[in-house]
Amino acid sequence: MRKMEKQLHKISKEQEYNEYVKKKVPKPNYLKNSIWAFFVGGMICTIAQFILNTFQDFGISKTDSNTITVIIMVFLGAFLTGLGIYDKIGKRAGAGSIVPITGFANSIVSPAMEFKREGYVFGVGSKMFSLAGPVLVYGFGSSVAIGLLYFFLSK
Amino acid sequence: MEYIKAFIVGGIICVIGQLLMDSTKLTPAHVLVTFVTSGAILTALGIYEPIVKFGGTGATIPLPGFGYSLAKGAIDSVKKAGLLGAFTGGIESTAGGVAAAIVFGYLMAVIFNPKSKK
């Protein structure tokens, strides 16, 4: 009889604890996060559009202007990460700063800077790709797969 | 008008990423990989091209746009060079961005030091 009481007591304690944990774990504020992501992500794309239009106004072809725009955006992302500004934006913007190509540059510079003391080969050289590596593997992988599929299906 | 379109399309793509991160246990790395791959697949299916036509940099600057140039480059090269194009096309069309990311990424990491976290 007493054993059962003890067990019951234990179970109710566990439940209490689980409820307590549930309450304490912060719930993401979906609306606020989405609004931040929308504005910062949109802003970055608008800046890129301005750069693209400027180069096209100079009479540079569309493909080349696109490439130049990407290069400049990558530079800005890397530079602002070096200055420590990009991560400050990222704290609020979340995906708004991660998803644009500037976030790709950020994902290269941050770990490379962090692990500099491990040397220029194993520190900077390899840690650069801790996040960019998977992106390139799956990106190039799917590109080749799509090319092969297109080749054999269009025969 | 071009700017508003870029703002809205770019914003929406980032919101999709944010909702993925908030509602699932996906890390930023997973979101980036998913976005590049789905950008490439959507391009192959002919769905992403109209989005690029409409949104301009709003569609090309977020990472699905990276997948878009990869897939588009591969398909265009296969049309011109045949089988070899499948291997060269995607990487050629994104070479500028990738080389810039590596060079600028390396330089910035060497020049700057991480800011102390407060």
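This is a friendly dialogue on how to read a two-chain structure, which is a predicted model.

Trainee: Where should I begin with chain B, and how many helices and strands are there in it?

Mentor: Begin with the list of elements: chain B has 6 helices and 0 strands. Along the sequence, its pattern reads α-α-α-α-α-α. The C-alpha trace of chain B spans about 55 × 35 × 35 Å along its principal axes.

Trainee: What share of the residues in chain B is buried?

Mentor: To judge burial, count the C-beta atoms around a residue: 20 or more others within 10 Å make it buried. In chain B, 53% of the 118 residues are buried. You can also ask how far apart in sequence the partners of a contact are. Taking the contacts in chain B with a separation of 6 or more, 57% join residues 24 or more positions apart.

Trainee: Could we try the burial count on single residues? Is Ile13(B) buried or exposed?

Mentor: Ile13(B), which sits in helix α1 of chain B, has 30 C-beta neighbours inside 10 Å and therefore counts as buried. Apart from neighbours within four places in sequence, Ile13(B) is in contact with Gly41(A), Val99(A), Pro62(B) and Pro64(B). Ile13(B) and Phe35(B) are 22 residues apart in sequence, and their C-alpha atoms are 9.3 Å apart in space.

Trainee: And what about Glu2(B), with how many other C-beta atoms within 10 Å?

Mentor: Glu2(B) also belongs to helix α1 of chain B. Its count is 15 other C-beta atoms within 10 Å, so Glu2(B) is partly exposed. Residues up to four places away aside, Glu2(B) touches Gln49(A) and Gly56(B). From Glu2(B) to Gly46(B) there are 44 residues in sequence and 22 Å in space, C-alpha to C-alpha.

Trainee: Both residues touch chain A. How many residues does the contact take from chain B and from chain A?

Mentor: For a contact between chains, list who takes part on each side. Here 64 residues come from chain B and 61 residues from chain A. On the side of chain B that touches chain A, α1 (2-23), α2 (28-44), α4 (57-60), α5 (63-81) and α6 (83-111) each supply at least two residues. The largest share there, 18 residues, is from α6(B). By class, that side of chain B has 42 nonpolar, 19 polar and 3 charged residues.

Trainee: Now chain A. How do I read a helix such as α3(A), and what span does it reach?

Mentor: Compare its end-to-end reach with the expected one. Helix α3 of chain A, residues 62-83, has 22 residues and reaches 31 Å from first C-alpha to last, close to the 32 Å expected at 1.5 Å a residue. Its buried residues include Val70(A), Met73(A), Val74(A) and Gly77(A). Among the elements covering the buried residues of α3(A) are α2, α4 and α6 of chain A, along with α4 and α6 of chain B.

Trainee: What comes after α3(A), and what is the sign of its phi?

Mentor: Gly84(A) follows α3(A), and its phi is positive, near 85°. Then look at how neighbouring helices cross. The axes of α3(A) and α4(A) come within 4 Å and cross at roughly 95°, and the two helices are therefore roughly perpendicular to each other. Gly77(A), Leu80(A), Thr81(A) and Leu83(A) of α3(A) meet Ile85(A), Tyr86(A) and Asp87(A) of α4(A). That contact divides into 4 nonpolar, 2 polar and 1 charged residues.

Trainee: How many residues of α6(A) are buried?

Mentor: In α6(A), 13 of the 14 residues are buried, so this helix is largely enclosed by the rest of the structure. The axes of α6(A) and α8(A), residues 129-153, come within 7 Å and cross at roughly 140°. That makes α6(A) oblique to α8(A). Phe104(A) and Ile108(A) of α6(A) are among the residues making this contact, as are Leu131(A) and Val135(A) of α8(A). The contact has 6 nonpolar, 2 polar and no charged residues.

Trainee: Last one: which residues have the most contacts inside the largest nonpolar core?

Mentor: The largest nonpolar core has 67 residues, and those with the most contacts inside it are Val74(A), Ile101(A), Ala105(A) and Ile108(A). Take Ile101(A): leaving out residues up to four places away in sequence, its partners include Val70(A), Met73(A) and Val74(A) as well as Ile61(B), Leu63(B) and Phe66(B).

Methods
Residues are numbered from 1 along each chain as its sequence is written. Chains are lettered from A and ligands numbered from 1 in the order in which they are written. This is a predicted model: local features need pLDDT of at least 70, side-chain atom pairs count only at pLDDT 80 or more; totals for chains, interfaces and linings use all residues. Two residues are in contact if their C-beta atoms, placed from the backbone, lie within 7 Å. Ala, Val, Leu, Ile, Met, Phe, Trp, Tyr, Cys and Pro count as nonpolar, Asp, Glu, Lys and Arg as charged, and the others, Gly among them, as polar. A residue is buried if 20 or more other C-beta atoms lie within 10 Å of its own, exposed if 12 or fewer, and partly exposed in between; C-beta atoms are placed from the backbone. Axes are lines fitted to C-alpha atoms, for helices over the stretch in contact, and angles run from 0 to 180 degrees between N-to-C directions. Angles under 35 degrees count as roughly parallel, over 145 as roughly antiparallel, 65 to 115 as roughly perpendicular and the rest as oblique. A nonpolar core is a set of buried Ala, Val, Leu, Ile, Met, Phe, Trp, Tyr and Cys residues joined through C-beta atoms within 7 Å. The expected span of a helix is 1.5 Å times one less than its number of residues.
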